[in-house]
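This report goes through some strands, a helix and some charged side-chain pairs of one protein chain. Please keep the structure open while reading.

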Amino acid sequence: HILSVSSKVLIGLTTDKYLKEKNDKEWIEDYPTRKKQLEQFLDQEKVSSRVQIEPIDDIFIPKIWENLPIEGIAVSKNTLSGAEKINLKRKEQGRYSLKVEIAPLIKDQSNEYISSSRIRKGEIDREGKLYFNPLWTKKNLILPESLRKEFRKPFGELFRDIDSAVKHKDKNFLVITVGDITTKIFNEKSLEQGLSVIDFKVAREKKFSNTLELGFTGQEEVFYVDNPAGFITSSLFKKIAEIFKFGIKNKIILQINGEDDLSVLPLVLLSSLNSIIYYGQPGKGIVKVIVAEETKDRAYNLISKLK
């Protein structure tokens with residue numbers, strides 16, 4: 001839209017320092033990565049020769065730009081107030097006001113506006129497709145016998161043990177454990193997972209009777225849900241969605257009456273990008289799943305095969 005009304009466009013890309021000052025709780029890719037992705041998009045659209053990218057540290061136009069022949073400023077209706085502040089400051093400086101061009105926002109499948117924050121939260125992809133199908137909260141999904149072999153394949157990278165899988169602690173990412181043994185080891189090693197999904201079973205045999213045996217203190221918030229083996233129930237989807245909506249500030253336990261094996265898929269679909277999910281692969285080791293757009297697409301496709 002903006003390039004259709006402008007011969008040249010100067011894009012101000014926010015620096016890491018500015019983003020951290022605005023919101024230090026949300027993970028956002030670093031400046032070089034964001035710039036590279038933007039350049040790739042501009043190349044794809046064949047407009048790179050008409051666009052210049054420069055770093056910005058606040059909402060105002062950098063002093064280094066002041067002598068450039070800038071005529072207008074492009075914003076969305078959500079950031080219009082920023083343009084108004086810029087023009088007010090320019091008026092105080094005795095400078096001419098910039099023409100304000102409002103770029104239209106694009107809506108997703110649910111008729112909500114696409115935004116980078118919603119993409120980072122893992123709600124939608126870059127095209128506006130929802131990762132969570134509301135129909136999944138209305139019926140129970142069954143894993144057919146014909147798909148069991150496919151679903152047994154590791155969903156992420158397979159490691160020999162937890163020490164090999166967990167390179168370091170990172171408080172900026174949500175860490176999720178699925179399975180009692182994996183959760184127990186994380187607690188013993190004080191690896192500080194935010195959400196644990198358990199069923200008191202190991203290899204489908206009951207081994208534990210309470211959360212204290214898994215290394216919890218008893219002070220954790222516990223959610224309960226029924227989910228039989230070979231199912232992803234509508235209740236499981238609803239409960240996981242409720243947990244993420246509730247917010248994970250301290251340790252949370254999702255205790256399943258049934259089996260936790262297939263819970264990895266709804267967890268991938270409902271968690272934010274860069275969340276990390278660990279679960280055991282019987283007789284082989286531990287699987288580490290870094291939630292990304294690619295893993296969400298794969299989980300969506302797998303769940304769509306369930307009956």
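Which residue in β15 does Q281 stand opposite? Q281 stands opposite G285. The model is a predicted one.

**Strand β15 and its neighbours**

Strand β15 covers residues 285–290, and 5 of these 6 residues are buried, so the strand is largely enclosed by the rest of the structure. Strand β14 (residues 276–281) runs antiparallel to β15, and 6 bridges join the two. Together β14 and β15 form a hairpin, with 3 residues between them. One residue of the turn, G283, has a positive phi of about 75°.

Strand β15 also pairs with strand β6 (residues 157–159). This pairing is antiparallel and has 3 bridges. In it, E157 has K288 of β15 as its bridge partner.

**Strand β3 and the unit around it**

Strand β3 (residues 72–75) has two unlike faces: I73 and V75 are on the covered face, while G72 and A74 are on the uncovered one. A general rule fits here: side chains in a regular strand alternate between the two faces of the sheet. Strands β3 and β4 run parallel and are joined by 4 bridges. The bridge partner of I73 in β4 is V100. Helix α4 (residues 80–92) belongs with these two strands, and β3, α4 and β4 make a right-handed β-α-β unit.

**Helix α9**

What span should the 13 residues of helix α9 have at 1.5 Å a residue? The expected span is 18 Å, and the end C-alpha atoms of α9 (residues 234–246) are 18 Å apart, which agrees. The buried residues of α9 are S234, L236, F237, K239, I240 and I243. For helices in general, there are 3.6 residues a turn, so residues three or four places apart point the same way. After α9 comes G247, which has a positive phi, near 95°.

**Salt bridges**

How many salt bridges does the count come to? The count is 14, and the table lists some of them.

| Acidic residue | Basic residue | Closest N and O atoms |
|---|---|---|
| D16 | R34 | 3.1 Å |
| D108 | R118 | 2.7 Å |
| E123 | R118 | 2.8 Å |

Take the salt bridge between D16 and R34 to begin with. D16 lies in helix α2 (residues 16–22) and R34 in helix α3 (residues 31–44), so this pair ties together parts that are 18 residues apart in sequence. Is D16 buried or partly exposed? D16 has 37% relative accessibility and counts as partly exposed. R34, at 12%, counts as buried, because the cut-off for buried is under 20%.

The next pair is the salt bridge between D108 and R118. D108 is in the loop between β4 (99–102) and α5 (116–120), whereas R118 is in helix α5 itself, so the pair ties together parts that are 10 residues apart in sequence. Both D108 and R118 are buried.

R118 also forms a salt bridge with E123. The relative accessibility of E123 is 33%, so E123 counts as partly exposed. R118 has a relative accessible area of 10% and is buried. Salt bridges that share partners join D108, E112, R118 and E123 into one network.

Notes: Residues numbered from 1 in each chain as written. Predicted model: local features only at pLDDT ≥ 70, side-chain atom pairs only at ≥ 80, totals over all residues. Heavy atoms only, no water. Buried < 20%, exposed > 50% of the residue type's maximum accessible area, 1.4 Å probe, protein only. Pairing = 2+ DSSP bridges. Expected span 1.5 Å × (residues − 1). Salt bridge = Lys/Arg side-chain N within 4 Å of Asp/Glu carboxyl O. Right-handed = clockwise from strand over helix to strand, strands pointing away.
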